[in-house]
Amino acid sequence: MDSSSSAKLLAFRQIAQEKLQHVFYSIPSEKDLIIDPALIKPLEHVCGASWLRKKGVDKIFKFDPKNPPPKRKQFVYFITSNLLTFKSVLDQISGYQSQTSSLMEPDIRNKQYHILVLPSVMASFEHLLEEEGLHGIVELYNFQWDFLLLDESILSLELPNVYADVFVRKDTTPLGSIAHSIRIFNLVMGKPHLVFSLGENAEKILHMVQRTESNKRPGKETGSAQHNTDTEPEYATMLILDRDRDYPACLLTPVVYCGLLLEIQTLNSGSLMVDGENNKIRTGKLPFLQQDVAAQQSTASKQEATSLRMSGAQDMIYLEHRYRHFSEVISLLSSQAKALGLEGKAYSREMKLAEMKDYVTNKLPKVAAAKKELFKHLRLCETIVEEIGANFEKHQMIEESILTNTNRKQIMNYILELLSSDAHKYNTLRLVCLYHVTIGLAGEDMTKLMTAYLNAFGYRHLSLFHNLFQARLFPDTTNLSKTKILSQISIPTLKTPFQIEANKLKQLPTDTNEVPTIAVSPTAGTSERDSGMNVGKSCPSYVFNGNYIPLVAQLTHMIFAASSFDNLNTRLGHLERLKVSGRTLEQADHHYTPRTIKELSASGHKATLNQLLPFKQKTMFIFIVGGITYAEIAACHLLERTIGAKIVLSSDRIIAGHDLIESVVNC
């Protein structure tokens, strides 16, 4: 990525600091900050403790409903827009108020309590504030940091519960915050020439952005607005995609190193928690299945929990290996460990006094720091092998069968065997959901799987299947009679709707017996260290062991490869939910509404679009509503390297399949 783009991406941090500074300056005198623990890591991407102290913050506390800090000065609470958390804050404030003299009237002109809510204050907060009798005593503020730069070309809004709210509860409130951030992106980077949206929620976001921009720009454009229209945008295209348009990219097990890291440990704003005692695999299994593991842990020495920054700028080992196949990573890390060991021995032999002094002063600390970081990665690799390695090959084979709609009996037996002997609360359900999304669960199979899951984890989880149905991850459990007849007519060779659609977009190399390749551009980067990929890999499906190409990568490739708008219509015209808008179309028609590619091919805009394609600058900004995976990021960055493009990926948060299912279960 060129320096100008990188500088503009860093501007989002400056914008967030300006917003936060405005809030703190509006609160006179010194104050103490009480922050929700979940927001500490994201806030580190915006500012540090020293910056906060310069803005009048004296002490910083973690919010704990049971252990309030001593009341000394004004309190500024920083929480998410969660009603239960807000109620806990109000209870704490009521406790402080009861300790003061009842004879003293509160001074509403100089409020002592301020609550900063990410991303926005809900209407229910105002009602609850009145009910608790704290109106006039507590001041509420909206705060949104927009995009946080987690790694090179990777942005995140770090908004909690977007997937559960939007796709399960059908609450579209978070879409307003996303639309606001997209609008800020357009102001900083310039509105792209073409904007593609795929999915109902993506359309709603773009509609909100368009409506806000039209309200902010009455009549004629003047000044900065006119300048923003005339300047060339930093990104020629934008793609906004709903998570439910490509569930397999989230439910399949990745084989790249960065993807597998999220399969075992929790990610918080680009920081991976490295815990030797607990991980996602262990905590999701039934207690009696972990007895042997607990016994081993009691005899083994306990390892301290640390964190790993999943950023190439801060971890050179991660930068080198993040997009590699995991099987390569283990051998390469072992070689690095041997090299570090030999380096330490080489400097200790037959040294003169001056050489020894130089080694101890300059080189030894670097070797020690490198060994510490390498040890962290080796620990993670060891955990991946222990927790996933035993059944990894068989699991990959089952996932391939699910994608190609073969060996249905073997698939069902494998899932039922897992539920009876090695059940995992989230990952087993994840495999069931993948089966339904790609093949479709018949009534009889659905009943078997539900019964086996409920027998394993308890019938209190019965309602979660309704949540899965709401998210289109499971069939309707209230309509068993209609699917019973279809279950008796099962033809393994029949193409499922998923396969038909995926084959049109050439997403299934294993199903078509072809491995699509991407032509390498002569201008593409060749640095193996910078990319963390092997030069021989030319298909994005390698992130899933050659079984599947993520939809976001395939759409991006087809958009960039289109030689004309007619060619784009041939490739993507069948996608009815793929809508097109953007600067080029809105300049030609001020009242333009997003349309499908087929509709545009029969309209008067066709000539304008033909002049735009093929894109001179292959630059794209991608946003996935409901979470993006590292497998999708790796696939797009391979595409970026091979065709000489510039792609920035973003979402409300980075997730793995485990996280998606967990959010549904706990909804």
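The protein chain contains 32 helices and 16 strands. The model is a predicted one. Of the 667 residues in the protein chain, 52% are classed as buried. The surface exposed by the protein chain amounts to about 30,500 Å², and 53% of this area is supplied by carbon and sulfur atoms. When contacts between residues at least 6 apart in sequence are considered, 79% of them join residues at least 24 apart.

Side-chain charge pairing was examined next. Side chains of opposite charge can pair when their charged atoms come close. The count of salt bridges in the model comes to 29. One of these is formed by D58 and R72, whose closest N and O atoms are 2.8 Å apart. The D58–R72 pair links distant parts of the chain, 14 residues apart: D58 belongs to strand β2 (residues 57-62), and R72 to the loop between β2 and β3 (74-80). D58 has a relative accessibility of 24% and is therefore partly exposed, the class running from 20% to 50%. R72, with a relative accessible area of 39%, is also partly exposed.

A second salt bridge joins the side chains of E386 and R282, at 3.9 Å from N to O. Here the partners are 104 residues apart, with E386 in helix α16 (residues 353-388) and R282 in helix α12 (residues 280-283). The two ends of this pair fall into separate accessibility classes: E386 is partly exposed at 48%, whereas R282 is buried at 10%, because buried means under 20% relative accessible area.

E328 and R324 form a further salt bridge, in which the closest N and O atoms are 4.0 Å apart. R324 has a relative accessible area of 7% and so counts as buried. Salt bridges with shared partners also produce a network, in which E30, D32, D58, R72 and K73 are joined. The D58–R72 salt bridge described above thus involves two residues that belong to this network.

Aromatic contacts were analysed in the same model. The count of aromatic pairs is 24. F143 and W145 form one such pair, with ring centres 6.2 Å apart and an angle of 90 degrees between the planes. This geometry is edge-to-face, since the angle is over 60 degrees. Both F143 and W145 are buried, each with a relative accessible area of 1%.

Y453 and F465 make another edge-to-face pair, at 5.9 Å centre to centre and 90 degrees between the planes. Y453 lies in helix α20 (residues 443-457) and F465 in helix α21 (residues 464-470), so the pair ties together parts of the chain that are 12 residues apart in sequence. Y453 is buried, with a relative accessible area of 2%, and F465 is likewise buried at 2%.

Aromatic residues also group beyond single pairs: F12, F147, F185, Y235, F621 and F623 form one cluster. Y235, a member of this cluster, additionally has the charged end of K646 over its ring, 5.3 Å from the ring centre. A charge placed over a ring is found for K71 as well, the charged end of K71 sitting over the ring of F75 at 5.5 Å from its centre.

Terms used: Residues are numbered from 1 along each chain as its sequence is written. This is a predicted model: local features need pLDDT of at least 70, side-chain atom pairs count only at pLDDT 80 or more; totals for chains, interfaces and linings use all residues. Side-chain values use heavy atoms; hydrogens and water are left out. Helices (H or I, at least four residues) and strands (E, at least two) are DSSP runs, numbered from the N terminus. Buried means under 20% relative accessible area, exposed over 50%, partly exposed in between (1.4 Å probe, protein chains only). Rings of Phe, Tyr and Trp (its six-membered ring) pair if their centres lie within 6.5 Å; planes under 30 degrees apart count as stacked, over 60 as edge-to-face and the rest as tilted. A charge sits over a ring if NZ of Lys or CZ of Arg is within 6 Å of the ring centre and within 35 degrees of the ring normal. Contact means heavy atoms within 4.5 Å. Accessible areas come from the Shrake-Rupley method with a 1.4 Å probe; for residues, only the protein chains shown count as cover.
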